[in-house]
Amino acid sequence: MNLFRQVPKSLLPRRLGRAPRFYPSPPPTFLLPTRQSSTSTSDPPTLTSPTTATTAATSTYKTTERRSKKPHLHTVIARDPKLNGARLTNTKRTELLLNGMPCAFDNIFLRDACSCAYCVDPSTQQKLFQTSDIPADIRPLSAMTLEDGAVRITWDPETDLPVTNPRRENHTSLYSAEFLLRYSKQRHIVRYRFNDRKMVLWDREVMGNDILWLDYEEYISPLNDEVGLYKALQALSTYGLFFLKNVPSTPSSVETIASRIGPLKSTFYGSTWNLRSQPSSKNIAYTSLNLPLHVDLQYFSMPPAIQFLHSLKNTTSGGHTYFADGFRAATAIRMTSSSLWHSLLTYPVSFHYDNDGHHYHHIHPTVVLDENDYREHKRIKYINYSPPFQAPFEDWPGDPQFSGRFRLFHRAMEMFAHSIEDPEAHFEVRLEEGMCAVFANRRVLHARREFDQDSGERWFRGTYVDEDAFLSRIRVLGRRFKGKGYEREEAGDYGYVEGV
Ligand SMILES: [Zn+2]
């Protein structure tokens, strides 16, 4: 059975023209819009209430303002004539116009976001008060739009926080136009942290065209302002895989490579580890047998996000390494059967390492979604899949409903395995001396073919980096290189995969 025959061809990742997006999606960019148009970037702000929408209809602001390039903000604090512009009462919100559209922000939210020196320590950037310190009746006394579109709000001293305003003086908060625009749409908030990056689901053909082979010097050199590193992080983010070449064959190279992204994750294998075949090995990875597609350290509650595998020597015959996109396989099931998809999201699978003085164990569902995603169809965040380290299932078999649940999961697993084991899904490479594979451990499954131990020497060194360090790095570099043209535009050729 060819799994993908069951999925409409238009939904599979292929070249543009044959590969539309899975879901209606915004433009494939994770930056704030710079080009305003009435169709794409001026969608009604999500924070607008029905009341404010009615007010908007009577607004005197012209709709042409929506096309303005510069964020156009007006406070409408004085809209109620009875208040004569003095203060807002009987409301919890302050309404601003962003690009001509009314956008209401909760007063507690605005006061909480004050970044003045009384509220956020200028040196540590740490907040100096608690959200719970803000009185529920906090309200602005006045608000003013500045020339650059920023808004300055002066808070009513009677309602302001005693903590940051002990003498009950007028406390002033300044909000940049960029800040207010960002919080006018959920999509903008997510993209600000680079958490909404392009993702391309790939198979052999796609990865064959797109794979990034980066020279070690370009990756490591500080001379190029970390452009090489940024390219690498984008490839990791989009495809979950890239390779380095011309890596020095020294044992410390893998540490040097990983440290460019973040601190090494130390486990009971050490902060770095060797992959060399050994007789009577404690771990299947240290033998010369076939090692099926899997995620590493699945028996941890939080398996590492990035894995590095550096080949220092490879003169054996066989032992090819291959990779498959777990997100693509899961997506195919998502598009095919809601019951199987639900099973992947919920059925508890046990993983363990109970050997050699260690007893690690953790239960994961096969697919974890990004719960913070703003879309109806949330993107996939992690795949949990490691047949060699599965423990017996802990769903109670005595439950009369057990077989129904378990067999549904079994069918989902059959389909998932069939999909990832299809040779058309694989990107296969022989890791020769000087090559290093870097991949998203929780997305891209990796495997190794059997090799002949007696035919030569095989020595790989590996390490891991955690997700938080990787995300921090890509945010910092993303901010530095924003708009400088280093984004991998070709990624869009295969469709921006929303909701995956
Ligand atoms: Zn403040």
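**Exercise 1. Find out what share of the longer-range contacts in the protein chain joins residues at least 24 apart.**

Start with contacts between residues at least 6 apart in sequence: 75% of them join residues at least 24 apart. Here a contact means two C-beta atoms, placed from the backbone, within 7 Å. Before going on, note that this is a predicted model, where local features need pLDDT of at least 70, side-chain atom pairs count only at pLDDT 80 or more, and totals for chains, interfaces and linings use all residues. Numbering runs from 1 along each chain as its sequence is written.

**Exercise 2. Work out where the pLDDT is lowest and highest among the elements of the protein chain.**

First, pLDDT is the predictor's confidence in each residue, from 0 to 100. The chain's mean is 79, and 76% of its residues reach 70 or more. Next, look at the elements, which are DSSP runs numbered from the N terminus: helices (H or I, at least four residues) and strands (E, at least two). Helix α1 (residues 50-57) sits at the bottom with a mean of 33, while strand β18 (residues 436-440) tops the list at 98. Finally, check residues 1-90: pLDDT stays under 50 there, yet the model has 156 contacts beyond four places in sequence for them.

**Exercise 3. Describe the largest nonpolar core and pick out residues with the most contacts inside it.**

Get the terms straight: a residue is buried if 20 or more other C-beta atoms lie within 10 Å of its own, exposed if 12 or fewer, and partly exposed in between, with C-beta atoms placed from the backbone. A nonpolar core is a set of buried Ala, Val, Leu, Ile, Met, Phe, Trp, Tyr and Cys residues joined through C-beta atoms within 7 Å. The largest one has 74 residues, and A232, L244 and C436 are among those with the most contacts inside it. Helix α7 (residues 227-238) gives the largest share, six residues. Now zoom in on C436: leaving aside neighbours within four places in sequence, its contacts include F243, L244, F308 and H310.

**Exercise 4. Decide which residues of α12 are buried, and what they pack against.**

Helix α12 covers residues 467-481. R473, I474, L477 and G478 are its buried residues. They cover an arc of only 130° around the axis (taken from the directions from the helix axis to the C-beta atoms), so they lie on the same side of α12. D468 and R479, on the other side, are exposed. To finish, the buried residues of α12 pack against α7.

Conventions: Expected span 1.5 Å × (residues − 1).
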